[in-house]
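Hi,

Here is the structure I promised to send over. Have a look at it first, then read my notes underneath.

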Amino acid sequence: MKSAKSPLFLILATVIAAACLIYALRQRENMVEESRLAMGTIVQIKVPLRPGLDKKAADYAIDRAFDEIDRVEKVFSVYRQDSEISRINGLKLGEEMKITTETFSLIERSVEYTKKTSGAFDITVYPLVRLWQDARMSGRLPAVSEIKKALEKVGAANIILDKTKMTISFAKDGVAIDLGGVAKGYATDRAIKVLQEIGIRDAIVNSGGDIYCLGARSKFRPWRVGIRHPRKSSEVFMELDVMDEAVVTSGDYEKYFTLEGRRYSHIIDPRTGYPVGDYIISATVVSEDTVRADMLATALCVLGREGLKIVDSEKAMAAIVVKDGDKMKVEMAGNVRGSFRVYQKKLSQ
Ligand code: AMP
Ligand code: MG
């Protein structure tokens, strides 16, 4: 019998490796990629070149998609005083404001998911978000009385939407909304829509972990999305092969702060007023649109295992990384398909 290290085997292995490398380089050559800073994160758009779609046309489409992301940011950012959201947040008790259909729909959908997630995803969390942002800046934890006061303003029932007049008002003074848990998903969906309108059939838009995969990477391969290890940025612990689906990950990866030796997430539990504990490390949701996946991923970080039941009833699947003693493990829910690979060993090392 021939040993596996015979010259013939080595030649064959070298030829296969070279062919794979050439194929990979070709694929890269055939891909137009652009990354820009937007919405406080890095947004990356990739469009594979195809017969009839040259680099100039792909560049044009990518530019238009980034324009759309900028437009969405201008409307929904709480960090811009002139945004529609900031103007809404300036409303006093008894005042109402006419808003665009776009803003109305996104707020309405957010409120719908507050009900679906039993209050875990709630855009009225903003007074609490601000309180914890102040804590981060000042290095002083909020007082219990401050949390209690902010909690009084929280609750989707405090948002009054009038569909006939297309207006919004608040039921209490001091209510404010933050679309930070859904705006990146929305911008991603909008960017994809713009690419499609221009005629692009395959693309990937990644807004700092809010990803939509349009079509496929090539004729033979779907898009492959790797999910970063929550504590080792250079490692991937999960891979998914996706076509025409969103993959969104939320968690305490980057956006967190430490105070008095404790790690605090940027996601707040609207029911308690405190940042979510470190038991849920991250949540990845796969769904047909990025908005839904974005809201569910944030909600799962609040609800943990409990939230997996919601995923089962939604058109979605999810994988959450939870603490397992001093290690981590993955739990999944929904219609988990074969193209989902978890490298559990990498997490438990
Ligand atoms: P994401 O990164 O999509 O999970 O969204 C996190 C952002 O959403 C935070 O930075 C806040 O602006 C906002 N947020 C925090 N907690 C919640 C919550 N429970 N529901 C909705 N939005 C939240
Ligand atoms: Mg989210």
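Below is what I found in it, starting with the ligands and moving on to the helices and a few single residues.

Some housekeeping first. This is a predicted model, so to speak of local features I needed pLDDT of at least 70, and side-chain atom pairs count only at pLDDT 80 or more, while totals for chains, interfaces and linings use all residues. Residues are numbered from 1 along each chain as its sequence is written, chains are lettered from A and ligands numbered from 1 in the order in which they are written, and side-chain values use heavy atoms, with hydrogens and water left out.

**The metal**

What holds the magnesium ion (ligand 2)? Its donors are Gly181 (O), Asp294 (O), Asp294 (OD) and Thr298 (OG1), at 2.0 to 2.4 Å. Donors here are N, O and S atoms within 2.8 Å of the metal (3.2 Å for Na, K and Ca); water is not among the atoms, so sites may look incomplete. Along the sequence, the donor residues follow the spacing G-x112-D-x3-T. That brings together distant parts of the chain: Gly181 sits in the loop between strand 5 (167–170) and helix 7 (183–198), and Asp294, 113 residues apart from it, is in helix 8 (residues 290–303). (Helices, H or I of at least four residues, and strands, E of at least two, are DSSP runs numbered from the N terminus.) Gly181 is buried at 18% relative accessible area, and Asp294 is buried too, at 3%. Buried means under 20% relative accessible area, exposed over 50%, and partly exposed in between (1.4 Å probe, protein chains only).

**Ligand 1**

Around ligand 1 there are 15 residues, and the closest are Ala120, Asp178, Ser250, Ile268 and Thr298; a residue is counted if one of its heavy atoms lies within 4 Å. Two polar contacts go to nitrogen atoms of the ligand from backbone N or O atoms: Ala120 at 2.9 Å and Ile268 at 2.8 Å. In addition, an N or O atom in the side chain of Asp294 is 3.0 Å from an oxygen atom of ligand 1. The protein covers 91% of the 500 Å² of accessible area that ligand 1 has on its own (Shrake-Rupley method, 1.4 Å probe; for residues, only the protein chains shown count as cover). A polar contact is a pair of N or O atoms within 3.5 Å; within protein, one must be able to donate a hydrogen and the other to accept it, and residues adjacent in sequence count only if both atoms are side-chain atoms.

**Helix 8**

Which helix gives the most to the shell around ligand 1? Helix 8 does, with three residues. 14 of its 14 residues are buried, so helix 8 is largely enclosed by the rest of the structure. At its N-terminal end, Asp289 acts as a cap, with a side-chain oxygen 3.5 Å from the backbone nitrogen of Val291. Just past the other end, Gly304 has a positive phi of about 60°.

**Helices 7 and 5**

The buried residues of helix 7 include Ala183, Tyr186, Thr188 and Leu195. Among the elements covering them are helix 2 (55–76), helix 4 and helix 8, where contact means heavy atoms within 4.5 Å. Glu197, also found in helix 7, is exposed at 58%. Right after this helix, Gly199 takes a positive phi of about 110°.

In helix 5 (residues 126–138), Trp132 and Leu131 are among the buried residues. Their cover includes helix 3 (84–89) and strand 11 (256–259). Gly139 follows helix 5 and has a positive phi, near 75°.

**A few single residues**

Glu102 is in helix 4 (residues 101–116) and is buried, at 18%. Leaving out residues up to four places away in sequence, Glu102 touches Arg71, Phe76, Tyr186 and Arg190.

Two residues that are not glycine have a positive phi. Met39 is near 55°, in the loop between strand 1 (31–38) and strand 2 (41–48), and is buried at 15%. Asp244 is at about 50°, in the loop between strand 9 (236–242) and strand 10 (245–251), and is partly exposed at 41%.

Cheers
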